[in-house]
Amino acid sequence: MSDVVNEQIGAMRDKKGYELAIAIEKLGKKGNSQVIDLLASTLKDEDEFVRYKAVEALGRIGDNRVVEILIVALGDKSEYVRNIALEVLNNRTVILQHSNTKNRCLVNTCVKMLENDNTSVGMYVAKLLSRIGFCALDVLISTLRDKNEI
């Protein structure tokens with residue numbers, strides 16, 4: 001890792017809240033894939049602004065490994081974090097390269113978002129689902145069928 005990245009990682013150690021979020025933002029601007037695990041660990045922080053900035057920073061990293069982490073972030077307790085994760089995933093072109101299992105997990109998470117969030121999220125979820133393709137269609141049909149049987 002570069003000295004600048006190491007310095008920023010060191011600066012994060014004692015920070016909390018807003019200060020940590022700003023440190024994450026600076027680190028994310030580098031787009032360095034070596035900090036993926038560090039950024040992923042901050043998604044467990046109690047401060048939603050920290051988690052929001054971590055998702056934003058992960059979105060700046062071109063490495064395909066972040067897609068799975070972003071899918072997990074779609075289940076965050078904060079609507080703001082879920083929405084930025086959805087936006088970041090919509091801006092990525094690597095989603096279709098993932099296996100059907102990962103896409104199925106993403107589709108299931110999106111379906112849950114449609115059930116639990118306000119309608120403004122629906123547009124972003126629909127866009128993301130359309131990028132996944134037939135896997136999304138199969139899961140959506142299955143989900144709708146299950147709901148109709150209840």
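A residue counts as buried when its relative accessible area is under 20%, and as exposed when that area is over 50%; anything in between is partly exposed. By that rule, 44% of the 150 residues of this protein are buried. Keep in mind that the model is predicted.

Start with the overall build. The protein has nine helices and zero strands. Read along the sequence, its pattern is α-α-α-α-α-α-α-α-α. Next, consider contacts between residues with a separation of 6 or more. Of these, 65% join residues 24 or more positions apart. On the outside, the accessible surface comes to about 8,600 Å². Carbon and sulfur atoms supply 50% of that surface.

Now go inside. The largest nonpolar core holds 39 residues. Within this core, I24, L39, V55, L58 and L89 have the most contacts. Several helices feed the core with two or more residues each: α2, α3 (36–41), α4, α5, α6, α7 (100–116) and α8 (120–132). Take V55 as an example. Setting aside neighbours within four places in sequence, V55 touches L43, L70, A73, V81, I84, A85 and V88.

Helix α2 deserves a closer look. This helix has 12 residues. From its first C-alpha to its last, α2 reaches 16 Å, close to the 16 Å expected at 1.5 Å a residue. The buried residues of α2 are G17, L20, A21, A23, I24, E25, L27 and G28. I24 has already appeared among the core residues with the most contacts. E25 has another role to follow, in a salt bridge.

Charged side chains come next. The model contains four salt bridges. In one of them, K53 pairs with E25, and their closest N and O atoms are 3.0 Å apart. This pair links distant parts of the chain: K53 sits in helix α4 (residues 48–59) and E25 in helix α2 (residues 17–28), 28 residues apart. K53 and E25 are both buried. They also belong to a wider group, since E25, K53 and E56 are linked in a network of salt bridges.

A second salt bridge joins D76 to R51, with the closest N and O atoms 2.8 Å apart. D76 lies in the loop between α5 (65–73) and α6 (79–90), while R51 lies in helix α4, so the pair ties together parts that are 25 residues apart in sequence. D76 is buried, and R51 is buried too.

Now turn to D63 and R65. Their side chains meet in a salt bridge, at 3.0 Å from N to O. Are these two residues buried or partly exposed? D63 has 21% relative accessibility, so D63 counts as partly exposed. R65 is partly exposed as well, because its relative accessible area is 46%.

Last come the aromatic rings. A pair of aromatic rings is described by the distance of the centres and the angle of the planes. The structure holds one aromatic pair. The ring centres of Y18 and F49 are 6.0 Å apart and the planes meet at 5 degrees, so the pair is stacked. Y18 belongs to helix α2 and F49 to helix α4, so this pair ties together parts that are 31 residues apart in sequence. How accessible are the two residues? Y18 is exposed, because its relative accessible area is 57%. F49, at 31% relative accessibility, counts as partly exposed.

Put two of these links side by side. The salt bridge of K53 and E25 runs between α4 and α2. The stacked rings of Y18 and F49 also involve α2 and α4.

Methods
Residues are numbered from 1 along each chain as its sequence is written. This is a predicted model: local features need pLDDT of at least 70, side-chain atom pairs count only at pLDDT 80 or more; totals for chains, interfaces and linings use all residues. Side-chain values use heavy atoms; hydrogens and water are left out. Helices (H or I, at least four residues) and strands (E, at least two) are DSSP runs, numbered from the N terminus. Buried means under 20% relative accessible area, exposed over 50%, partly exposed in between (1.4 Å probe, protein chains only). Contact means heavy atoms within 4.5 Å. Accessible areas come from the Shrake-Rupley method with a 1.4 Å probe; for residues, only the protein chains shown count as cover. A nonpolar core is a set of buried Ala, Val, Leu, Ile, Met, Phe, Trp, Tyr and Cys residues joined through side-chain atoms within 4.5 Å. The expected span of a helix is 1.5 Å times one less than its number of residues. Rings of Phe, Tyr and Trp (its six-membered ring) pair if their centres lie within 6.5 Å; planes under 30 degrees apart count as stacked, over 60 as edge-to-face and the rest as tilted.
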